[in-house]
Amino acid sequence: MTRKPLHPSTIAAQGLGWTDAATGAVVLPVHTATTFLRDRDNQYRRGRSYGRADNPSYDQPQAVLTALEGGAASLLFSSGMAAAAGVFQCLPRNSHMVAPRVMYWGLRSWLKNFAAAWGIDVEFVDTTSPDALRRAVRARQTRLVWIETPANPLWSVTDIAVAGEIAHAAGAILAVDSTAATPVLTRPLALGADLVMHSATKYLNGHSDVIAGTLTTAGEDAFWERLCAVRSSGGAILGSFEAYLLLRGMRTLFPRVEGACQSAQRIAEALSHNPHILEVLYPGLPEHPGHAIAARQMTDGFGGMLSVRVRGGADAAIATAARVEIWKRATSLGGVESLIEHRASVEGADSPVPADLLRLSVGIENPDDLAADLECALDSRAF
Ligand SMILES: Cc1ncc(COP(=O)(O)O)c(C=O)c1O
C-alpha cells in the first residue's frame, strides 16, 4: 500500500519527524555556537561559518514552516517588524508600493516614518476592493503589493488570489501578512502570493514568551537572495533559545488554532446578540463583508481574533475592559491566554479604528468561561 502525504497537523506535531542522528534524541539540541570550524584546506564544507549568517537551530523551525506554507524556503527574524522591514528594505530605490489602509499599526507607522528615506513611495488603499487595488498599481513602477488578511484590528478580508493577479499584471510581487490566519487556516502561496510573513510572536509561538518573525517564499529567486543577505548582513536574527521555543510552540499550532477558532466563533455569535454591543467584527459571521471570501480562502475556521464595538463610546469600552477577570488587559495576540485591548488608546490619530472598539484575542480557555466573563463586564448595571 502506498502512503498518502502527511497532513500538515502531523508535520507540525512531529516537527517533520526530525531526530538527532548522534544521540537518537527526539528533540534536537539547541546550538549556541557563534562560529564554526574551517576545514584544513580553508573551506567551509559543512556549510556554516558564523552565527549571524548560519544557525543550525533555525533549520528545523524554518523547514517546518516551509512545509506548512507549501513554500520553497523560510527565514526566521528577530521580530515580525524586522521580517516586514526586511522586505521593504530589499526594494530598489524609487519603488512604488501599495499597502492596506487597515493593517497592523506598527507596520503602517514604519511605512509612514521610514519608507521615504529608503526611496519607497507608499500608497495606502482599501485592498479589500479589487477596483481600488487595480487603480493603485502602476505598471513597471509598483514593485510590491503588501496585504494583510484578516487585517488587524478590523479583521477585513482581502482576496489573495485577486490581489496576486493584480500585482503580477503590473510586474509587482505580492506579500501577505498572514499572522492572524496562520498556515492552519490559509496558505497564501497556493493562492498566488510570492511571500508570506508572520509575526511568529503570535500564533506560531503561541505562548507570549518569544518575539520573532518569519518570511516564506514561493521560489528562491533573486529577491529571496537579497532577503537572505539583508538578514545576515543587517543582523536581525533570532537567538538560538528563542528558535527552540518557537519550534516547540509550532508543534502545538494546530490544536491551539483550531480551539481558538471554535471559541472565537461561539463568542462572536453570542456577542452579536448582546444589547451592549453595537457591532461584532469577525469574518466567521455571515454578515461580515469579507465572509464569502474568507469562507473560500480560509479552511477550518475564521481565526481566533475578533473585535467588538461597545455601545456608549470609548468610555464604555474602556470600562468594559476594566471589569473582565479572566481576559487579560494586554496588547498582542495569538497566545494561549485570552487578551482584551482598547485599540484606539494604542494606535494614534491616523488609525482607522473606532474609539469604541475592543480587540479580543481568544485563547484556549473554556469558551463558556470567556463568554460569561465578557457578558458580566458588559452588563449595563456595571456602568
Ligand atoms: C498582524 C501583525 N503583523 C506584524 C506584527 C509585528 O510583529 P512583532 O511584534 O513580532 O514585531 C504584529 C504585532 O502585533 C501583528 O499583529
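A residue counts as near the ligand if one of its heavy atoms lies within 4 Å of it. With that cut-off, the shell around the ligand in this predicted model holds 14 residues, and those that come nearest are Met81, Asp177, Ser199, Thr201 and Lys202. Sorted by class, the shell consists of five nonpolar, six polar and three charged residues.

Several polar contacts can be followed atom by atom. Asp177 places an N or O atom of its side chain 2.7 Å from a nitrogen atom of the ligand. Lys202 has a polar side-chain atom 2.9 Å from an oxygen atom of the ligand. At Gly80 the backbone takes part: one of its polar backbone atoms is 2.9 Å from an oxygen atom of the ligand. On its own the ligand has 380 Å² of accessible area, and the protein covers 91% of that.

Where does the ligand sit? The space it takes is the largest pocket. Two elements, α3 (80–89) and β6 (195–199), give two or more residues to the shell around the ligand. Gly80, with its backbone contact to the ligand, falls within the range of α3 (80–89), and Ser199, among the residues that come nearest, falls within that of β6 (195–199).

The view can now widen to the whole chain. The protein chain contains 14 helices and twelve strands. Its radius of gyration is 21 Å, close to the 21 Å that the globule rule gives for 383 residues, so the chain is as compact as a globular protein of that length. Taken along the principal axes, the C-alpha atoms fill a box of roughly 80 × 50 × 45 Å.

Definitions and conventions. Residues numbered from 1 in each chain as written. Predicted model: local features only at pLDDT ≥ 70, side-chain atom pairs only at ≥ 80, totals over all residues. Heavy atoms only, no water. Polar contact = N/O pair within 3.5 Å; in protein donor to acceptor, adjacent residues only side chain to side chain. Areas by Shrake-Rupley, 256 points an atom, 1.4 Å probe, with all protein chains shown as cover. 1 Å grid on protein atoms, 1.4 Å probe; cavity = no way out; pocket = protein on both sides within 12 Å on 5 of 7 lines; lining within 4 Å. Sits in = over half its atoms within 2 Å of the grid points. Helix = DSSP H or I, 4+ residues; strand = E, 2+ residues; numbered from the N terminus. Nonpolar A, V, L, I, M, F, W, Y, C, P; charged D, E, K, R; others polar. Rg over C-alpha atoms; globule rule 2.2 N^0.38 Å.
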